[in-house]
Structure formats: structure tokens, C-alpha cells
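The exercises below are to be worked with the sequence and the three-dimensional model at hand. Please attempt each task before reading its solution.

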Amino acid sequence: MFKKLPPETSIRKRLILYIGSGLLLAWFAANAVSLAMALHELNESADSQMSDLAQSLPYIEPEKAVLLPKVKKSLGKGHTGFAEDKQNGISVWNADGRLLLSDKRGKEIPFRKISGFTDIGKPWQEKSLRVIYYHDGKTGQTVAVAQPWRNRLEILWNIVWAHLAASLLVLPLMVLLLHLAVKRSIHPLKELASELSERRADNLAPVSRAVPQETQTLVDALNRLFARVQTSIEREQRFTSDAAHELRSPLAALKVQAEVLALSDTAEQPYHLQQIQQSLNRAEHLINQLLTLARLDPEQGLKNTTPINWESLSSQVLQNTNLSAREKRIRLKREFLAEPPLLQGDDALLQLMLRNLLDNAVRYSPENSEVGLYFHADRIEVRDQGTGIAPEHLSRIKERFYRPAGQNAQGSGLGLSIAEHIAKLHGLTLKLENRDGGGLSAWLERA
């Protein structure tokens with residue numbers, strides 16, 4: 001098992017270490033398997049030759065016992081081919097166990113009136129032998145053919161050494177090829193790093209996906225991050241621009257009213273002070289709405305969620321809205337028709353969402369009318385008895401600071417936008433629709 005490397009270890013080092021170690025282990029394993037297979041094939045071939053030799057020896061007459069000469073002596077110099085004297089043994093006995101035919105090694109083979117292979121000594125011992133006995137039941141003769149284990153092990157070592165020598169010659173080439181392969185493989189990552197390092201801070205364009213497949217998920221995640229950062233920057237820039245634009249009007253009005261107050265006589269000053277107070281209230285409301293809007297970030301989600309008690313929450317909202325409703329003699333109505341769809345959320349934000357919807361309904365409803373808050377199984381609905389919203393404005397009415405021309409009611413144009421942001425944070429959708437019987441219906445349902 002490979003040791004776990006620190007996270008900061010380079011990919012080049014990881015690949016070379018892991019692949020190199022794996023190749024080395026595979027090399028040892030392959031050589032071990034080759035050694036075992038070569039030993040098996042060598043034993044199979046040698047045993048087969050010994051068996052054939054034992055069964056093909058000519059019958060020897062009892063009175064003609066012979067001691068076989070060595071190969072080189074019997075064939076003559078220059079005619080032995082690749083043959084060598086390996087001290088193999090051959091013995092032939094008669095039925096009484098008298099030696100009829102043997103070579104020098106054969107004299108050391110003990111007589112056994114059996115058939116089959118046996119080992120004399122352990123294979124790794126110096127004088128150990130591999131022996132086959134063949135007993136002919138018709139003639140009573142017994143043949144033994146022996147081969148030193150040392151000869152087989154020597155042949156095996158020569159085979160393995162030749163294989164190892166060839167492998168060792170190839171090994172440096174494999175290391176070089178591994179180094180070049182790793183270098184070429186991580187080259188796209190170097191190009192990606194170079195591209196990112198040369199970028200301007202305001203360049204949030206997507207990164208090219210011309211990278212290895214394994215790193216495309218990283219590039220995709222990086223591009224998604226760039227898109228979120230771009231959206232956040234655009235959001236902040238738009239908010240700053242809108243806030244500066246919207247704050248300019250109440251500040252200019254306050255300045256004018258202050259100048260008028262300074263030039264007015266004592267009898268008119270209370271009226272002008274009242275106008276300044278109203279302007280200050282509108283500016284305070286606008287600033288509070290802007291601050292609330294700035295804090296709402298769909299990317300961050302909700303930080304604090306608790307089980308929602310809609311009865312208690314809506315009671316608080318109706319109490320806060322009651323003052324403005326009483327000024328216009330508007331009746332506030334609440335009705336639970338079923339269990340509401342949302343059970344978890346941010347209590348303060350949900351209060352603000354409902355309050356903005358009710359404030360809008362009260363602001364644009366005629367006097368002596370009714371504003372209702374209804375809880376259904378699949379939605380929460382706010383109804384008013386106003387004039388509704390003209391169809392050409394309905395699609396844009398939830399945009400920030402959007403106010404249709406010709407409106408006399410005071411407002412910042414942020415109430416519906418804030419309500420929609422809060423709804424999205426809670427997995428809800430805000431929808432607006434003019435009612436057939438007159439008025440506007442604003443409802444919240446699961447997205």
C-alpha cells in the first residue's frame with residue numbers, strides 16, 4: 001500500500017512515485033511468475049527426456065557390463081556440439097540387482113526395484129539428484145537415469161539472468177518515457193495556470209475547457225465560481241448605482257425644504273418643519289429598505305432557521321401594519337383556510353416579507369376597503385381592493401426602484417423586490433395577478 005502523500009505534493013512527483021512504484025512491483029511480480037513458469041517448464045522438459053531415455057535404453061546381456069565414457073571423450077574434440085559433461089547418471093541392473101551398465105554418476109545411484117521419479121537429497125543441496133527408475137517386468141531389468149538438481153538450477157539461473165539483464169537495459173528507457181509522459185500530461189495544467197496568472201482582476205470570463213478530462217470538473221467549478229463572482233459584482237454595482245440615484249432625490253428635497261424654512265416667517269415654519277419631517281421619514285424608510293436589500297444574498301442562503309408559527313408571526317405583522325391601515329380606515333383581515341406550506345425559515349425575514357406585501361396592499365387600496373391575509377394549504381395570499389396594476393407594468397413591477405408613472409402613493413419601489421428576494425431564500429415564488437372582481441392578489445407558493 002502506498003504511503004499517503006501531503007496535499008501540497010506536486011502532481012509530477014505523485015505520478016512518477018505511484019506509477020514508478022507500481023511498475024517496479026509489477027516488474028518483480030512478472031519476474032517471479034516467469035521464474036516459477038520457467039522452473040516448471042524446465043522440470044517438465046527434463047523429466048520427459050529422462051523418462052524417454054530410461055525407457056529406450058537397449059537391453060543389456062548379463063555378462064556384458066559396461067562403464068560408459070564421458071561425452072567429450074566418446075564423441076571426440078570438435079564434434080560435441082553444445083553438449084557438456086553435466087555428471088548425469090545412467091545405471092542398468094539385472095533382476096538380481098547386479099550392475100550391468102553405468103557411467104561415473106550412475107555408480108552412485110542406489111538400486112531400487114521400483115518405477116517412477118524420486119529425489120535424492122534436497123534440490124538446493126550440492127549433490128542432490130533427480131532420479132527416475134524403470135523396472136521391466138519381463139526381463140527383470142531396472143534402469144535408472146539421474147540428473148543433478150544443480151544442473152537444472154544452473155540452467156534456470158542462466159534463463160533468469162538473461163531475462164533480468166534485458167529488463168535492466170529497458171528499465172532506464174521506461175523511466176525516461178515515464179518522465180516524458182508525465183511532463184506532457186501536466187502541460188495543459190501549466191497552460192491553465194499561466195492563463196489564470198496573466199488575467200486581469202476584472203476578467204471573469206470562463207476558462208477554456210481544453211484540458212484533460214479529469215480536470216474538466218475543476219475547470220467547470222472554477223467557471224461557476226467566476227459566474228457567481230460576476231453576478232455578485234454586477235449586483236453590487238447595480239445596487240450602488242440605484243442607491244445613489246434614489247437617495248439623491250430625498251436629499252435634494254430636504255435641502256430645498258430647509259432653504260424654504262430659513263426664508264419663511266414664523267407662522268409658516270411649523271408647516272415646513274412637518275414637510276421636512278415627512279421627507280426624513282421617507283429617507284429613513286428608503287435607507288432601511290436599501291440596507292435590507294443589501295443583506296439579502298441568495299448565494300449565501302439562510303443563516304438562521306427556526307420552526308415558524310404562522311399565527312404568531314402574522315399577528316405581529318398585522319399589528320405593525322394596523323396603524324397605516326387605520327389612517328385610511330382599511331380593515332385588515334386574516335383567515336387560516338389550511339396549514340401553511342412553509343414550516344422552517346427566518347422569522348424576522350418572513351415578517352418583513354409579509355409586512356411589505358401588506359404595506360403595498362394598504363398603500364394602494366382606497367379608503368374604507370379591506371385587505372386580507374389568507375393561509376391556504378399550497379400558498380399564502382394577500383388580497384386588496386385597489387385598482388390593481390396595469391398589464392404593461394405587471395411584468396416589471398417587482399424590479400428594484402420600478403414605479404409606474406402617475407402614482408401618488410409614497411414608496412421607494414423596493415417593497416416587492418425585497419419580498420421576492422426573501423421568498424426565494426425560503427424556496428417560495430412570489431406571483432402577482434389582477435383579480436376579476438377588482439384589486440390585486442399577491443401570493444407565495446413553493447417554487
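Five exercises follow, each with a worked solution.

**Conventions**

This is a predicted model, in which local features need pLDDT of at least 70 and side-chain atom pairs count only at pLDDT 80 or more, whereas totals for chains, interfaces and linings use all residues. Residues are numbered from 1 along each chain as its sequence is written, and side-chain values use heavy atoms, with hydrogens and water left out.

**Exercise 1. The chain as a whole**

Task: State how many helices and strands the protein chain has, and what percentage of its 447 residues is buried.

Solution.
- Step 1. Helices (H or I, at least four residues) and strands (E, at least two) are DSSP runs, numbered from the N terminus. The protein chain has ten helices and 13 strands.
- Step 2. Buried means under 20% relative accessible area, exposed over 50%, and partly exposed in between, with a 1.4 Å probe and protein chains only. Of the 447 residues in the protein chain, 34% are buried.
- Step 3. Contact means heavy atoms within 4.5 Å. Among contacts between residues at least 6 apart in sequence, 60% join residues at least 24 apart.

**Exercise 2. The five-stranded sheet**

Task: Determine in which order the five strands of the open sheet lie, and which strands are at its edges.

Solution.
- Step 1. Two strands pair if DSSP finds at least two bridges between them. The strand order is E8-E10-E11-E13-E12, with mixed pairing.
- Step 2. Strand E8 (331-336) and strand E12 (428-434) are the edge strands, each pairing on one side only.
- Step 3. From one strand to the next, the twist averages 15 degrees. Angles run from 0 to 180 degrees between N-to-C directions, and axes are lines fitted to C-alpha atoms, for helices over the stretch in contact.

**Exercise 3. Bridge partners and hairpins**

Task: Follow the pairing from E10 through E11 and E13 to E12, and identify which residue of E13 is the bridge partner of Val382.

Solution.
- Step 1. E10 and E11 are antiparallel over four bridges and form a hairpin with three residues between them. Leu373 has Val382 of E11 as its bridge partner.
- Step 2. Val382 in turn has Ala442 of E13 as a bridge partner. Strands E11 (residues 379-383) and E13 (residues 440-446) run antiparallel and are joined by five bridges; Ile380 stands opposite Leu444 of E13.
- Step 3. E13 also pairs with E12, in the antiparallel sense over seven bridges, and Asn434 is matched there with Leu440 of E13. The hairpin of E12 and E13 has five residues between the strands, and in it Gly438 has a positive phi near 105 degrees.

**Exercise 4. Helix H10**

Task: Explain why H10 may be described as largely enclosed, and identify which residues form its contact with H8.

Solution.
- Step 1. H10 is largely enclosed by the rest of the structure because ten of its eleven residues are buried. Among them are Gly415, Ser417, Glu420 and His421.
- Step 2. On the sheet, helix H10 (residues 415-425) touches E12 and E13, and its direction makes about 140 degrees with that of E12.
- Step 3. The axes of H10 and helix H8 (residues 347-363) come within 9 Å and cross at roughly 145 degrees. From H8, the contact uses Leu349, Leu350, Leu352, Met353, Asn356, Leu357 and Asn360; from H10, it uses Gly415, Leu416, Ile418, Ala419, Ile422, Ala423 and Leu425.
- Step 4. By class, this contact has eleven nonpolar, three polar and no charged residues. Here Ala, Val, Leu, Ile, Met, Phe, Trp, Tyr, Cys and Pro count as nonpolar, Asp, Glu, Lys and Arg as charged, and the others, Gly among them, as polar.
- Step 5. After H10 comes Gly427, with a positive phi near 75 degrees.

**Exercise 5. Two loop residues**

Task: For Ser369, decide whether the residue is buried or exposed; do likewise for Asn368, buried or exposed.

Solution.
- Step 1. Ser369 is in the loop between H8 and strand E10 (370-375), and Asn368 is found in the loop between H8 and E10.
- Step 2. Ser369 is buried, at a relative accessible area of 8%, whereas Asn368 is exposed, at 58%.
- Step 3. The side chain of Ser369 reaches the backbone oxygen of Pro366 at 2.6 Å. Beyond its neighbours within four places in sequence, Ser369 contacts Arg329, Ile330, Arg331 and Gln385.
- Step 4. Most residues other than glycine have a negative phi. Asn368, not a glycine, has a positive phi of about 60 degrees; Arg329 likewise has a positive phi, near 50 degrees, and lies in the loop between helix H7 (310-327) and E8.

Technical notes
A polar contact is a pair of N or O atoms within 3.5 Å; within protein, one must be able to donate a hydrogen and the other to accept it, and residues adjacent in sequence count only if both atoms are side-chain atoms.
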